[in-house]
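Visitor: I would like to go through this two-chain model with you, one question at a time. Could we begin with its core and then turn to the chains and the contact between them?

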Amino acid sequence: MPQPGRPDEPPAARPAAHGDDRAPRTAEASRPRFPARVYAVGAEPDARFSLANERTFLAWVRTALALLAGGVALEALDLPVLPGLRLAAAVLLVVLGTLAPVLAWWGWARTERAIRTGRPLPAPVGFAVLVVGACVAGALVLIGLVLR
Amino acid sequence: MSGVGTRSLARERTRLAWRRTALGLAGGAVAGARLLQDVVGPAAWLLALAGLAAALLVARFARRRHESDPLLTQRGGRLVTTVAVGTLLVGIAALVVLLALATGRVSVL
């Protein structure tokens, strides 16, 4: 790269040329896609499938945020519910909200893999936990309201 | 891959989903700060600021991801993974706050 035969070249020319070579798109393309567990297999799918998978993931994230907000609000707002049951319900909601992003990511990765490899979509993960947990939390609050 | 160009409704829906998620994060941070203000004082608003900043970043990265790479052939799952880990951390923080509230050790915060 250094050219001893051309010492009169202005010093600013080389960095500028180098900067032109490194277009952002090229840099991004040379970076392996993460996670490799998903992107190392299969073929590039129709982007609409990947987009739908992404939206499902985002819906899970919003569900997680709602569960967390509900759990914290239940305890912080000092509602007229039996304190023990209220705390139990709040902890249950927050635990579900903490579990949800993990399930969301796992489901996203498994689904993306299945889409890329052309396999049937995996069964949804964590529906039972979420449904049972939310029902139990609701029941705890209801009982706590009655027994207050 | 027809229909996934700049006019694709799938892309639009996905962009809106990212925006809703960022809004939820921002709203949750402000609401959480308001709730915590009574127990930890004005320091709770640092949480609101952090949440708003995170929401802005999510919205911004999501937009860039979809505008510069509409077919998602290059970006991969980094943003998705970051958002999942971030939500997990928010959950753990909420659990800590909840237990602190319950045991009355909130003044320590």
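**Core, chains and contact**

Guide: In this predicted model, the largest nonpolar core has 52 residues, and those with the most contacts inside it are L68(A), V72(A) and A104(A).

Visitor: Which element gives the largest share of this core?

Guide: The elements that give two or more residues to the core are α4 (47-76), α5 and α6 (127-147) of chain A, together with α1 (9-40), α2 (44-68) and α3 (78-103) of chain B. Among these contributors from both chains, the largest share, 14 residues, comes from α5(A).

Visitor: What does L68(A) touch, leaving aside residues up to four places away in sequence?

Guide: L68(A) is one of the residues with the most contacts inside the core, and its partners lie in both chains. In chain A they are V94(A) and G97(A), and in chain B they are V90(B), G91(B) and A94(B).

Visitor: How far does helix α5 of chain A reach from its first C-alpha to its last?

Guide: Helix α5 of chain A runs over residues 83-117 and therefore has 35 residues, for which 1.5 Å a residue is the rise used in the expected span. The helix is followed by G118(A), whose phi is positive, near 75°. The reach of α5(A) is close to the expected value, and it comes to 51 Å.

Visitor: How many helices are there in chain A, and how many in chain B?

Guide: Chain A, with 148 residues of which 33% count as buried, follows the pattern α-α-α-α-α-α along its sequence. Chain B, with 109 residues of which 29% count as buried, follows the pattern α-α-α. Each chain has 0 strands, and the helices come to 6 in chain A and 3 in chain B.

Visitor: What percentage of the contacts in chain A with a separation of 6 or more is due to residues 24 or more positions apart?

Guide: For chain B, among contacts between residues at least 6 apart in sequence, 56% join residues at least 24 apart. For chain A, the share of such contacts that comes from residues 24 or more positions apart is 72%.

Visitor: Which element gives the largest share of the side of chain B that touches chain A?

Guide: The contact takes 39 residues from chain B and 40 residues from chain A. On the side of chain B, the elements that give two or more residues are α1 and α3 of that chain, and by class this side has 22 nonpolar, 13 polar and 4 charged residues. The largest share, 16 residues, comes from α3(B).

Technical notes:
Residues numbered from 1 in each chain as written. Chains lettered and ligands numbered in written order. Predicted model: local features only at pLDDT ≥ 70, side-chain atom pairs only at ≥ 80, totals over all residues. Helix = DSSP H or I, 4+ residues; strand = E, 2+ residues; numbered from the N terminus. Buried ≥ 20, exposed ≤ 12 C-beta atoms within 10 Å, placed from the backbone. Contact = placed C-beta atoms within 7 Å. Core = buried A, V, L, I, M, F, W, Y, C linked by C-beta atoms within 7 Å. Nonpolar A, V, L, I, M, F, W, Y, C, P; charged D, E, K, R; others polar.
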